[in-house]
Every structure is written in structure tokens, then in C-alpha cells.
Amino acid sequence: MAAKTKRLISAEDLYDFVKLSGAQISPDGEQILFTAQTVDRKTEKKFTHLWVQPINSGGKARQFTFGKHSNVSPLWSPDGSQIAFLSNRGDVDKPMQIYLIPTCGGEARPLSEIKGEITLLGWSPDGKQLLCTVMKTDKEELEREEDEQKKKLGVVSRHYKRVFYKLDGYGYLPQERTHLWVVDAVTGKAKQLTDHPVFDELDASWSPDGKSIVFVSNHSDDPDFHYELQDLFVIPAKGGGERLIPTEAGSKMLPVFSPDGKWIAYYCLPGEGEGWRNNSLWIVPADGSSKSVNLTDRYDLFVLPECINDVSTPENAAPVWSNDSQQIYFQAAYHGSDLLYRIDLSGDKLEQIIGEGGSVIKFSLDRAQKRLAYNYGTMTDPAQIRVLDLESKRSNLLYSPNAPLLDQLDLGTMEEVWFKGPDGNDLQGWILKPPSFDPAKKYPSILEIHGGPQAQYGNLFMHEFHYFASKGYVIYFCNPRGGRGYGADHTRAIWGGWGDADYADLMAWTDYVEKKPYIDKKRMGVTGGSYGGYMTVWIIGHTTRFTAAVTQRCVSNLISMWGSSDFNWAFQEELISRQPFFDFEKFWKHSPIAYIGNAKTPTKVLHNEFDLRCPIEQGEQVFVALKSLGIDSEMVRFPEEPHGLSRMGRTDRRISRLNHIIDWFEKYLK
């Protein structure tokens with residue numbers, strides 16, 4: 001029987017990719033709970049539902065919830081008899097509420113009636129309560145909801161005293177802060193445990209006896225100007241005074257008690273104004289009797305996943321303790337992969353549980369800790385539900401929702417490359433050759449530059465790259481200095497100096513690829529978004545080697561960026577500087593717009609109109625400058641979209657974005 005002819009990937013295939021989140025194994029180790037997000041082509045709305053995958057029976061994954069709404073953040077109860085989750089099924093225009101559904105099936109019942117935005121964090125060990133964080137709805141907003149005339153007129157004004165008053169992807173922040181609540185799992189009665197007009201309480205979890213709750217909070221005099229100075233606190237589960245656990249200064253995340261209650265494990269990026277350092281795994285005695293210890297510092301690892309992707313999103317999983325309280329499981333970024341490790345309390349024994357070649361998006365262990373469930377992505381498949389037997393080390397693929405689509409596609413071939421940078425530094429990159437590649441031909445090429453800069457490209461499927469390759473381009477991308485996954489020195493290399501070592505690395509990578517016999521040196525393009533957009537504008541101001549460029553949601557002027565981004569004043573830390581009015585020359589020196597007068601490259605500018613991370617004026621400056629210089633330039637603006645359009649935006653706009661980029665390269669490189 002003749003093999004079925006495969007087709008090329010299309011931009012419209014974005015509608016058919018399923019995005020998986022979570023991978024929570026049931027306490028008895030028999031089922032895996034996760035969510036799947038799909039897109040309705042007609043309405044452009046996205047819906048997320050709960051799914052359950054049996055492990056032993058060989059059964060197929062089954063959808064557990066249905067409807068034109070979304071159900072997210074599911075949690076098995078400690079006895080596995082029911083699932084708690086958040087849903088907007090009651091009213092899709094209002095904040096989500098907590099629902100419960102029996103594991104054996106049946107109707108979900110609403111549990112909470114909280115007027116605010118809920119984050120569901122965990123069941124109490126006895127299964128009688130649910131811990132959550134809540135940002136209550138502002139009083140003025142509640143009044144508008146209850147008064148049709150006020151609702152029709154909308155917001156009259158916004159009054160802020162805090163510096164961080166907006167957030168990309170969210171909008172303008174309310175006056176209320178985020179606080180701890182517990183909800184009775186039977187009656188739904190909710191109790192607020194903390195309340196402060198300035199401090200937020202985040203990333204909370206239960207003690208093993210259910211009597212205490214640990215959380216992260218910043219109690220600085222002005223947390224917005226010392227946002228990295230977070231601490232660990234413990235509060236009685238019934239409410240009462242909080243207790244500070246002394247730890248090192250730094251940004252902290254996801255604290256978890258050990259099963260014996262003696263330790264707390266957490267993640268911390270230590271210091272203030274030193275974001276180049278590794279995020280590490282730490283432990284501290286729960287009673288605060290001795291200093292905290294960095295378990296991973298000696299290994300030069302960045303703990304937590306960092307792989308950039310446009311179909312699935314790596315999720316930060318809290319540290320997971322072994323039952324004997326002697327080991328901890330955690331994710332880490334390494335050489336273009338997101339790995340899973342296990343380490344002992346001395347820090348002497350570090351073991352890779354899931355190694356290089358893909359990204360561990362989320363993971364969990366069953367009660368007996370014999371099985372490990374995980375959501376896994378690779379270069380060829382962005383979303384798989386897998387289970388690992390921890391004794392035999394055997395991993396089994398249980399569910400791959402995108403496999404039927406991927407099996408239809410000719411995706412070309414990917415080549416991994418290690419090469420030497422300009423300072424003898426080791427760099428990793430990848431070259432994607434188009435379908436039906438002919439080594440005897442000369443091909444146009446596109447250099448892709450990732451955002452961040454503290455992120456990494458790597459072993460995770462990118463629809464964008466394959467779509468551009470399907471049009472007959474060689475796509476090449478690498479992880480220059482400034483990113484994660486290659487040690488703290490690699491990240492530190494551009495701290496205080498964007499546009500220096502990173503630019504040199506990208507040009508060394510371009511030199512390497514340009515020498516390939518199949519590359520046409522006269523038809524080379526460059527594109528990138530966010531920090532990648534910064535580097536694209538930097539490149540056209542420093543070289544004419546590229547025939548065409550597309551800059552996306554760029555940073556162009558660090559002076560006007562200061563204070564206007566949702567990152568606010570904090571960009572000065574990346575420059576190791578003070579405010580720009582005290583150090584104008586340094587901000588200007590590292591701003592791509594300072595060199596735009598040298599540009600000759602035809603450049604299309606893409607920007608999102610509700611981008612609060614890199615405000616649209618950053619792209620506008622580039623567009624107007626190029627036009628004033630007589631250089632061919634066009635601007636494309638995407639209404640309503642925040643910074644993350646390429647990953648999370650409305651699908652028709654994501655498709656439009658891809659086609660605007662490729663149309664520009666078709667004009668100049670074909």
C-alpha cells in the first residue's frame with residue numbers, strides 16, 4: 001500500500017492544535033487529570049475542559065466537562081473521590097468560582113460565591129477545606145455591576161498611589177490586593193485569613209497536619225520599589241498572626257512543607273537587582289531555627305522551565321517532596337530542554353529523572369510515589385501526557401491529541417548545532433530545513449531571535465518556525481548570551497549591556513549559517529519579538545547584511561520605556577543603572593533607536609495596541625523613523641491584543657500576524 005502523501009503546515013492549523021495544561025495523577029496512581037484548550041473557529045473563543053486519562057486499562061482519554069465555557073486548575077481531593085476546579089460556567093462574563101465534581105462522574109456543583117478573582121491552590125490534608133487566594137472586586141466595580149446606568153457609563157476615573165498599577169495581559173489593576181482564603185468543601189462557607197491594604201499573599205500551601213499555611217509576601221515599606229524582597233510566612237489555618245521565617249533576600253516562589261513538617265522547600269532568585277542569577281531550590285527549617293540552604297547552587301542550574309513555545313506553555317510546578325522527606329523533585333532549564341531532577345537534602349546527590357530532548361511542562365507523583373505523570377513536549381509534538389514508572393524508569397506515552405494532525409504534515413528536518421561564539425564561548429543553535437530540501441539549491445533564510453532575553457529556544461515544537469519553513473525558507477535560531485539554561489555567567493554576560501555580547505553571538509551564528517552551501521547570502525531575513533524585536537531593530541542599525549527585517553512588539557527606546565511599561569522603573573536594573581534622568585547616556589547608548597539613522601534595511605513593524613509590557617509607542621518610533629529616512633517600512637497594529645499575541649492571542653490575529661511576517665519576506669527574499 002502506497003504511503004500517504006503529507007501536506008505542508010498552514011497558518012490556519014493553529015485552529016486545530018490542542019493546548020494541554022497540567023498533568024495531575026490521582027492519589028491511587030490510576031488516572032491522570034489535565035485540561036485541554038480548543039478554539040471555536042466561528043466565534044474565535046477558546047474553551048478549556050477537564051480530561052481524565054486512565055493509566056492501567058489502556059483506555060482512552062475522556063473528556064470530563066463540556067460546554068461553551070472554561071474549566072481550569074483542577075485538583076484531586078486527597079481521597080481521590082472528587083475534583084475541585086475553577087469555572088465560569090455560571091456566568092462567562094464574571095470571575096470564575098470553585099466547583100466540585102465526583103470522580104465517578106455526574107454534575108458539577110458550585111461551591112463558592114466569592115466576589116473576586118480566585119486562584120485555587122490546594123485541598124487541606126483531611127479534604128475538608130480548599131485553600132485559595134482571592135483578589136476581591138473593588139467596591140466601585142461592584143456598585144457599577146448593581147447599577148445599570150453606572151454600568152453603561154463605565155469607569156469614570158482610575159486613582160492610583162502604587163507604582164505598579166497595570167499588568168500586561170490583565171490591564172489596569174484593581175485597588176484590592178491578593179489575600180488568603182479557605183473554603184469549606186461541603187458548605188462552601190468562605191473565610192478570609194489575611195487582609196492588608198498594601199501586601200499581597202501568594203503561592204500558599206498547607207502544612208502536612210493541616211494546622212498551618214505557608215505563603216510568600218513582600219512586607220517592604222514600599223513593595224513596588226523593592227519587588228524582589230519577598231519573605232516566607234506561616235499562618236495558623238484557622239487565622240491569626242503570621243510568623244516570619246528568616247531567609248535570604250530575594251524573589252521567592254512556591255513554598256512547600258516536607259511530609260514530616262520539619263522543612264520548607266521553595267524557589268528563590270537571591271539578591272536585589274541581580275536578575276542574572278540562577279533561580280535555585282532552597283530549604284529552610286519550618287521553625288526558622290537555622291539558615292536557609294541553597295541545594296542547587298553548586299550545579300549552576302536555573303530551576304524552573306524556560307523553553308519558549310507558541311503551542312504549549314511550560315508551567316511552574318512547586319517542589320515535590322519524597323514521602324520520607326529526604327529528596328525533592330523539581331524542573332530546571334538546561335541546554336534547550338526543560339528537565340526533571342531529584343536532589344537529596346545535602347545537595348550532594350543530583351539525579352536527572354527526565355533528561356534532555358524535550359520539555360517537562362508539568363509533573364506530579366501519586367501517593368505511593370511509584371508513578372510520575374507529566375505533560376511533555378518535544379520538537380515534533382508539543383503536548384503529550386506520559387507516565388513514568390520510577391522503579392523501572394520506563395516512560396509510556398498515554399495521550400497525544402495533536403498526533404493525528406502532525407502525522408499529516410511534512411515538517412522538514414531539524415539539525416542541532418553547537419558552535420563557538422566570538423569570545424570562544426559555546427553556543428547552541430538549530431537549523432530547520434524546509435520540506436523537500438535540496439542541498440544543491442540556494443535558499444533564502446530567516447534568523448529568529450527569542451524574547452526575554454532571559455529565556456531559551458529549544459526542544460519544543462514551534463508552529464511559527466515550521467510555517468515559515470513550509471514557504472521554502474531555512475529557519476535558524478540559537479540561544480545567545482543573556483538567556484537561561486547555560487549557567488549564570490551566560491545570563492550575566494549582557495546584564496548592564498544589551499546589544500553587546502548578544503549581538504556578537506547572533507552575528508557569529510549568522511556567520512556560521514551563512515557559510516552553508518545551501519544559504520543564499522543575498523536573501524537573508526531577520527525577525528524577533530519583544531527583546532527579539534529589540535535585537536532586530538539593533539541589528540538594522542548596526543549592519544546591512546540582512547535584506548529584510550520584521551520587528552515585533554519591540555523595545556526601541558529605553559528612555560521612553562522607563563515608567564511607561566508595566567515593568568515600570570525596573571528596566572534600570574537590566575542596565576545596572578539609576579533612573580534615566582540621572583544616567584541618560586547609558587539608556588540612550590543601549591537603545592536601538594539611537595542607531596536607526598544608520599538603517600538601510602526594509603523593515604515591517606508589528607505591534608499590539610494593548611501591549612503594556614512594550615508599549616506601542618516603541619514600535620511607532622521605529623516606523624516613523626524609517627519612513628522619515630525614506631526606507632521602505634510598513635506598520636501592522638493588532639487591536640485589543642497584549643504583549644503575548646503570538647502565543648495566547650485571538651487565533652485569527654495570530655494567523656494574520658504570521659502572514660504579515662511571511663508576506664514581507666516573500667516581497668524581499670523571493
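Me: Which residues of strand 22 lie on one side and which on the other, and are they buried or exposed?

Reply: Burial is read from relative accessible area, where buried means under 20%, exposed means over 50%, and partly exposed is in between, with a 1.4 Å probe and protein chains only. Strands (E, at least two residues) and helices (H or I, at least four residues) are DSSP runs numbered from the N terminus. Ser280, Trp282 and Val284 lie on one side of strand 22, Leu281, Ile283 and Pro285 lie on the other, and all of these are buried, which leaves both faces covered. Strand 22 spans residues 280–285, and 6 of its 6 residues are buried.

Me: Before going on, what kind of model is this?

Reply: This is a predicted model, in which local features need pLDDT of at least 70 and side-chain atom pairs count only at pLDDT 80 or more, whereas totals for chains, interfaces and linings use all residues. Residues are numbered from 1 along each chain as its sequence is written, and side-chain values use heavy atoms, with hydrogens and water left out.

Me: Which strands pair with strand 22, and in what sense?

Reply: Two strands pair if DSSP finds at least two bridges between them. Strand 21 (residues 263–270) runs antiparallel to strand 22 and is joined to it by 6 bridges, while strand 23 (residues 293–294) pairs with strand 22 over 2 bridges, also in the antiparallel sense. To follow the register by eye, take Trp263, whose bridge partner in strand 22 is Pro285, and Tyr267, which stands opposite Leu281. Towards strand 23, Ile283 stands opposite Val293.

Me: What is the order of the strands in the open sheet that contains strand 22?

Reply: The order is 20-21-22-23, an open sheet of 4 strands with antiparallel pairing. Strand 20 (250–257) and strand 23 stand at the edges with a single partner strand each, so one side of each has no neighbour in the sheet.

A second open sheet can be read in the order 6-7-8-9, again with 4 strands and antiparallel pairing. Its edges are strand 6 (71–76) and strand 9, each of which has a single partner strand and therefore one side without a neighbour in the sheet. Strand 6 is joined to strand 7 (residues 82–87) by 4 bridges, the two running antiparallel, and Val72 stands opposite Leu86 in that pairing.

Me: At what angle do helix 6 and helix 7 pack, and how far apart are their axes?

Reply: Two packed helices are described by the angle between their axes and the distance between the axes. Helix 6 (residues 501–514) and helix 7 (residues 531–540) pack at an angle of about 75 degrees with their axes 11 Å apart, the axes being lines fitted to C-alpha atoms over the stretch in contact, with angles from 0 to 180 degrees between N-to-C directions. The two helices are therefore roughly perpendicular to each other, given that 65 to 115 degrees counts as roughly perpendicular, under 35 as roughly parallel, over 145 as roughly antiparallel and the rest as oblique.

Contact means heavy atoms within 4.5 Å, and here Asp502, Tyr503, Leu506 and Met507 of helix 6 meet Tyr531, Met535, Trp538 and Ile539 of helix 7.

Me: How is helix 4 covered, and by which elements?

Reply: Helix 4 (residues 463–470) has 8 of its 8 residues buried, so it is largely enclosed by the rest of the structure. Among the elements covering these residues are strand 1 (7–8), strand 34 (413–420), strand 37 (474–478) and helix 13 (651–669). After helix 4 comes Gly472, whose phi is positive, near 100 degrees.

Me: Where does Ser591 lie, and what does its side chain reach?

Reply: Ser591 is in the loop between helix 10 (584–589) and strand 40 (603–608), and it is buried, with a relative accessible area of 0%. Its side chain reaches the backbone nitrogen of Leu558 at 2.9 Å and the backbone oxygen of Phe587 at 2.6 Å. With neighbours within four places in sequence left aside, Ser591 is in contact with Trp538, Ser556, Asn557, Leu558 and Ile559.

Me: Is Ile114, in a loop of its own, buried or exposed?

Reply: Ile114, found in the loop between strand 9 (109–110) and strand 10 (116–123), counts as buried at 6% relative accessibility. Leaving aside neighbours within four places in sequence, its contacts are Gln97, Val134, Trp181, Val183 and Ala190.

Methods
Polar contact = N/O pair within 3.5 Å; in protein donor to acceptor, adjacent residues only side chain to side chain.
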